[in-house]
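The following exchange is written for a reader new to this structure. Each question asks for the grounds of a description, and each reply sets out the reasoning.

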Amino acid sequence: AEYMGSGTGIISSEIGLLTSVVVFVLQFTDIYGTIPSEIGHLTQLSVLVINDSPISGTIPTEIGQLTSLLYINLNSNSISGTVPSEIGRLTSLEYPVFASTEISGTLPSVLAQISLLEIEY
């Protein structure tokens with residue numbers, strides 16, 4: 001199952017009910033607010049894209065529950081803080097993109113093992 005969102009509003013905590021979603025894409029939207037911790041319930045997720053949207057806040061630690069995740073793109077938004085160490089649980093992760101965000105601090109050392117890492121500060 002895929003979810004390709006558009007429009008305006010927030011990402012509701014009810015996102016956690018979409019447990020069979022494999023691809024979740026929100027890009028070029030007016031979706032604002034934060035990424036809810038309930039995103040961790042999407043355990044079948046292999047692609048997570050939230051880019052070119054006014055999303056803010058931090059990356060929830062529950063991201064570490066997405067063990068099927070292959071690709072994450074949190075590009076061109078207002079996400080801040082650090083990349084949580086829980087991302088180290090994502091052993092299938094092949095291509096993380098954290099470009100054009102307000103992420104700061106030290107990256108978890110596990111990300112050094114990924115050859116297609118794209119990070120810009």
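Q: In which loop does Asp-52 lie?
A: In this predicted model, Asp-52 lies in the loop between S5 and S6.

Q: Why is Asp-52 called partly exposed?
A: Its relative accessibility is 28%. Buried would require a value under 20% and exposed a value over 50%, so Asp-52 counts as partly exposed.

Q: What makes the phi of Asp-52 worth a remark?
A: The angle is near 50 degrees, a positive value in a residue other than glycine. Most residues other than glycine have a negative phi.

Q: Which other residue has a positive phi although it is not a glycine?
A: Phe-28 has a phi of about 55 degrees. Phe-28 is placed in the loop between S3 and strand S4, residues 30–32.

Q: Why is Phe-28 called exposed?
A: The relative accessible area of Phe-28 is 63%. The cut-off for exposed is over 50%, so Phe-28 is exposed.

Q: How do you know what kinds of element the protein chain contains?
A: The count gives 0 helices and 11 strands. From the N terminus on, the order of elements is accordingly β-β-β-β-β-β-β-β-β-β-β.

Q: What makes strand S5 mostly covered?
A: S5 spans residues 47–51, and 4 of its 5 residues are buried. Across the protein chain, buried residues make up 43% of the 121 residues.

Q: How do you know that S3 and S5 pair, and in which sense do they run?
A: Two strands pair if at least two bridges are found between them. Strand S3, residues 23–27, is joined to S5 by 5 bridges, so the pairing is established. The two strands run parallel, and Val-25 stands opposite Val-49 in S5.

Q: How do you know that S5 pairs with S7?
A: There are 3 bridges between S5 and strand S7, residues 71–73. As at least two are needed, the strands pair. S5 and S7 run parallel, with Val-47 opposite Tyr-71 in S7.

Q: What makes S6 and S10 the edge strands of their sheet?
A: Three strands form an open sheet in the order S6-S8-S10, with parallel pairing. Strand S6 (56–57) and strand S10 (102–103) each pair on one side only. Between S6 and strand S8, residues 78–81, there are 2 bridges in the parallel sense, and Ser-56 stands opposite Ser-78 in S8.

Q: Why is Asn-73 called buried?
A: Asn-73 is found in strand S7 and has a relative accessible area of 8%. Buried means under 20%, so Asn-73 is buried. Leaving aside neighbours within four places in sequence, Asn-73 is in contact with Leu-48, Val-49, Ile-50, Asn-51 and Val-97.

Q: Why is Gln-27 called partly exposed?
A: Gln-27, whose place is in strand S3, has a relative accessibility of 33%. The bounds are 20% and 50%, so Gln-27 counts as partly exposed. Gln-27 and Ile-50 are 23 residues apart in sequence and 5.6 Å apart in space, C-alpha to C-alpha.

Q: Why is the aromatic pair of Tyr-71 and Tyr-95 called stacked?
A: The structure holds 1 aromatic pair. Tyr-71 and Tyr-95 lie 5.4 Å apart, centre to centre, with 20 degrees between the planes. Ring centres must lie within 6.5 Å to pair, and planes under 30 degrees apart count as stacked; therefore this pair is stacked.

Q: What parts does the pair of Tyr-71 and Tyr-95 tie together?
A: Tyr-71 lies in strand S7 and Tyr-95 in strand S9, residues 95–98, so the pair ties together parts that are 24 residues apart in sequence. Tyr-71 has 22% relative accessibility and Tyr-95 has 28%. Values between 20% and 50% count as partly exposed, so this term applies to Tyr-71 and to Tyr-95.

Q: Which residues have the most contacts inside the largest nonpolar core?
A: They are Leu-48, Leu-66 and Phe-98, in a core of 27 residues. S3 and S5 each supply at least two residues of this core.

How values were computed:
Residues numbered from 1 in each chain as written. Predicted model: local features only at pLDDT ≥ 70, side-chain atom pairs only at ≥ 80, totals over all residues. Heavy atoms only, no water. Buried < 20%, exposed > 50% of the residue type's maximum accessible area, 1.4 Å probe, protein only. Helix = DSSP H or I, 4+ residues; strand = E, 2+ residues; numbered from the N terminus. Phe/Tyr/Trp six-rings, centres within 6.5 Å; stacked < 30°, edge-to-face > 60°. Core = buried A, V, L, I, M, F, W, Y, C linked by side-chain atoms within 4.5 Å. Contact = heavy atoms within 4.5 Å.
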